[in-house]
Protein chains: 2
Amino acid sequence: MKDDSFRTIQSLGRTELIDELMEYAEYEHPSVKLGYGDDAAVLKGEDDFKLTTSETFMEGVNFDLTYVPLHHLGYKIATAAVSDIYAMNGTPEVVNVDLAVPNKLSVDMLKEIYRGIGAASKDYQFQIVGGDLTASHKTLSVSISCYGSVAKEDIIYRKGAQVGDAICVTGDLGGAIAGLRILMREKKFWQEQEEQTSFQPDLDDYEYVVKRQLVPAARNDFIEQIGESSLKPTAMIDVTQGLVSELQHLTSASDVGSYVYQAAFPIALDTRTVADEMREEVDRYALYGGEDYELMFTLPEEQVETLADEFQDFVVIGKITDKEEGLCMQQAEGGVVTFGEEDETNS
Amino acid sequence: MKDDSFRTIQSLGRTELIDELMEYAEYEHPSVKLGYGDDAAVLKGEDDFKLTTSETFMEGVNFDLTYVPLHHLGYKIATAAVSDIYAMNGTPEVVNVDLAVPNKLSVDMLKEIYRGIGAASKDYQFQIVGGDLTASHKTLSVSISCYGSVAKEDIIYRKGAQVGDAICVTGDLGGAIAGLRILMREKKFWQEQEEQTSFQPDLDDYEYVVKRQLVPAARNDFIEQIGESSLKPTAMIDVTQGLVSELQHLTSASDVGSYVYQAAFPIALDTRTVADEMREEVDRYALYGGEDYELMFTLPEEQVETLADEFQDFVVIGKITDKEEGLCMQQAEGGVVTFGEEDETNS
């Protein structure tokens with residue numbers, strides 16, 4: 001089958017692939033305000049907009065049951081789903097949970113996944129209203145679809161960033177991939193042991209990054225803050241694929257360019273320590289790592305100080321430029337690099 | 001790991017298992033009118049109710065790529081999802097599609113799945129608004145979540161059936177499982193050939209049942225009809241697991257019993273022919289086969305004739321009785337059997 005006509009899925013970038021698939025999404029329903037192309041789809045309501053999004057995690061690709069506790073898995077996929085709702089400045093309301101479950105999982109293990117989703121439902125205030133459950137021969141897969149809403153005047157799209165706006169990011173970046181690196185190293189070490197017992201690595205020194213990988217938090221605190229504020233970001237997206245990918249999405253939707261400062265990237269000391277140990281560049285963790293579930297947003301520059309008085313856990317990493325400028329990064333040493341379209345496939 | 005504390009998922013019935021999992025669905029969102037327990041969850045709207053549901057299909061369990069064309073797979077899972085919306089007397093609006101895709105699928109094969117969902121989107125008039133896409137090491141899995149709506153006065157729940165109501169079913173039953181039996185037999189035959197070419201069975205004689213299995217249709221025609229009618233079923237459910245399971249769900253929700261006539265089951269001649277060939281009881285196909293995506297509904301007996309003037313493709317299979325009567329079936333030979341709780345695990 002590996003002839004010329006077999007285009008592998010890896011031969012296309014994720015965005016390019018989804019664009020090809022979406023050619024079949026021709027039918028337009030009158031209730032839809034915005035279909036594919038932002039963190040969540042937008043449906044018209046009377047007073048508000050309804051938001052829908054979904055996430056799917058496959059064992060062996062998005063998680064490894066050797067080191068991912070099942071309740072953390074449940075919490076994380078719920079976080080990933082609600083994060084897309086927050087990225088539109090909305091609040092989640094309900095989720096459906098779809099599970100394909102292999103025999104190696106007991107009833108109690110399955111309940112652990114639900115316990116994690118249940119914990120997330122309290123933190124993010126959504127109700128689990130149903131879903132589907134089927135068997136699987138080999139691997140566990142979990143999908144969560146989330147429905148939420150946002151007042152019409154409050155919605156924030158990826159589009160909307162204006163030239164001159166500051167580009168801001170909540171929290172810190174690269175921690176999730178740093179945690180993954182540690183967990184993978186420990187797993188390799190464990191596999192090389194002659195007498196394998198159950199996987200119980202000593203992760204005390206890496207608590208922060210491992211937690212960022214296993215139980216990331218969505219930034220509802222920021223959404224709540226701007227709900228109380230007179231300020232409103234001009235554009236927003238959540239950081240699931242890494243900075244480069246999110247900058248591409250946001251600037252493409254807003255028809256602008258961007259100029260970011262590598263030295264301004266918010267990277268935790270614990271994340272730097274891991275990159276040093278691994279002899280890897282920590283900035284690549286921020287640029288391509290993903291799974292941090294932080295929010296990246298743009299704001300008129302004169303409003304940044306006001307926001308900083310109200311909410312402390314964000315930094316400015318750059319500014320929005322003309323579209324012709326492309327995506328530029330001023331490196332710590334002073335040189336300037338440009339990210340092209342092809343960078344998207346790295347993430 | 002197979003000690004006493006390892007309760008296998010098969011050790012519980014599907015409903016019992018979901019009930020245990022739903023213990024973690026404690027958080028109640030104020031927008032929810034009905035969470036778990038019907039074909040779709042119900043959210044409060046201003047003028048209408050919003051409906052949400054999801055379906056998940058796993059390769060090797062819910063479909064076999066040896067004989068399931070990918071565009072049929074896409075069409076079928078969309079049918080399964082919208083069927084739950086129709087079962088509430090609603091109409092679908094949008095879907096999210098989640099895919100976990102192994103390397104053995106090319107871009108064009110993936111597009112075939114979307115082509116099928118796209119064809120369904122035109123037939124059922126919903127918009128594909130997004131979803132998620134991830135890799136998979138071995139098996140393809142597809143989940144579809146669907147969002148729809150129904151006017152408040154039009155919603156039909158599983159609850160609502162009254163003692164004396166006629167139990168009705170659209171179309172015919174057991175065809176989907178008959179088609180599956182044929183496809184499995186042809187696959188076995190093909191596997192036993194010494195020289196295996198590609199799987200191209202001669203299915204001309206089984207066109208009807210194979211189509212029922214591969215590309216079932218949801219009954220939007222019935223929903224459109226009752227939208228124009230002065231009649232409204234008192235309760236409704238779609239037939240995805242087989243008659244016994246759906247009767248259990250509907251009567252349990254309505255707090256009633258049921259009495260059905262085996263001789264009245266709507267079974268196509270083509271379905272009977274397959275059961276004869278397989279030396280199986282065709283009534284078991286209807287009782288436990290599932291995947292027919294027909295609608296089962298209840299209606300005051302005096303309204304049945306009026307409905308029959310408006311819509312011809314349904315039959316009366318029995319009547320609603322007192323709860324204490326349980327679930328009874330009068331066999332064709334005249335004897336009466338009762339279905340207990342344990343029958344649910346057969347489906």
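## A residue at the chain boundary

At 34% relative accessibility, A:V61 counts as partly exposed, because that figure falls between the 20% and 50% cut-offs. Bear in mind that we're looking at a predicted model here. A:V61 sits in the loop that runs between β3 (48–58) and α2 of chain A.

What does A:V61 touch, once residues up to four places away in sequence are set aside? The partners belong to chain B: B:T134, B:A135, B:S136 and B:H137. Within its own chain, A:V61 can be paired with A:S141, which lies 80 residues away along the chain. The C-alpha atoms of A:V61 and A:S141 are separated by 9.9 Å.

## How the two chains go together

To lay chain B on chain A, you turn it by 180° with 0.0 Å of shift along the axis, and the RMSD comes out at 0.0 Å. That's the relation of a two-fold axis.

Which surface do the copies use to meet? The same one: 99% of the interface residues of chain B are also interface residues in chain A, so the copies meet through the same surface.

## Chain A as a whole

Chain A is built with 10 helices and 13 strands. Its C-alpha atoms fill a box of roughly 60 × 55 × 50 Å along the principal axes. A compact globule of 347 residues would have a radius of gyration near 20 Å, and chain A, at 21 Å, agrees with that.

Of those 347 residues, 59% count as buried. Chain A exposes about 14500 Å², with carbon and sulfur atoms supplying 45% of that area. As for how the chain folds back on itself, take the contacts between residues at least 6 apart in sequence: 81% of them join residues at least 24 apart.

## The annotated binding site

Now for the spot you may want to look up in the record. An unreviewed UniProt entry lists A:D39, A:T53 and A:D84 under "binding site". These residues span 46 residues in sequence, yet no two of their C-alpha atoms are more than 7.3 Å apart, so they gather at one spot.

Where do the two aspartates sit? A:D39 is in the loop between β1 (32–34) and β2 (41–44) of chain A, while A:D84 belongs to helix α2 (residues 70–86) of chain A. Buried or exposed? A:D39 is buried, with a relative accessible area of 6%, and A:D84 is buried too, also with 6%.

## Who the aspartates talk to

Leaving out neighbours within four places in sequence, A:D39 is in contact with the listed residues A:T53 and A:D84, and also with A:A87, A:M88, A:R158, A:M236, A:I237 and A:D238. Which of these side chains makes a polar contact with the side chain of A:D39? That's A:R158, at 3.2 Å.

On the same terms, A:D84 touches A:D39, A:A40, A:T53, A:E55 and A:D238. A:D238 turns up in the contacts of A:D39 as well as in those of A:D84.

## A helix in chain B

Over in chain B, helix α6 covers residues 220–228, and its buried residues are B:N220, B:F222, B:I223, B:Q225 and B:I226. Residues three or four places apart on an α-helix point the same way, because there are 3.6 residues a turn.

What do the buried residues of α6(B) pack against? A mix of helices and strands of chain B: the helices are α2 (70–86), α3 (107–124) and α10 (304–310), and the strands are β7 (166–170), β8 (235–239) and β10 (294–299).

Key
Residues numbered from 1 in each chain as written. Chains lettered and ligands numbered in written order. Predicted model: local features only at pLDDT ≥ 70, side-chain atom pairs only at ≥ 80, totals over all residues. Heavy atoms only, no water. UniProt positions renumbered as here; feature names shortened; annotations may be inferred. Helix = DSSP H or I, 4+ residues; strand = E, 2+ residues; numbered from the N terminus. Buried < 20%, exposed > 50% of the residue type's maximum accessible area, 1.4 Å probe, protein only. Contact = heavy atoms within 4.5 Å. Polar contact = N/O pair within 3.5 Å; in protein donor to acceptor, adjacent residues only side chain to side chain. Rg over C-alpha atoms; globule rule 2.2 N^0.38 Å. Areas by Shrake-Rupley, 256 points an atom, 1.4 Å probe, with all protein chains shown as cover. Least-squares fit on C-alpha atoms with pLDDT ≥ 70 in both.
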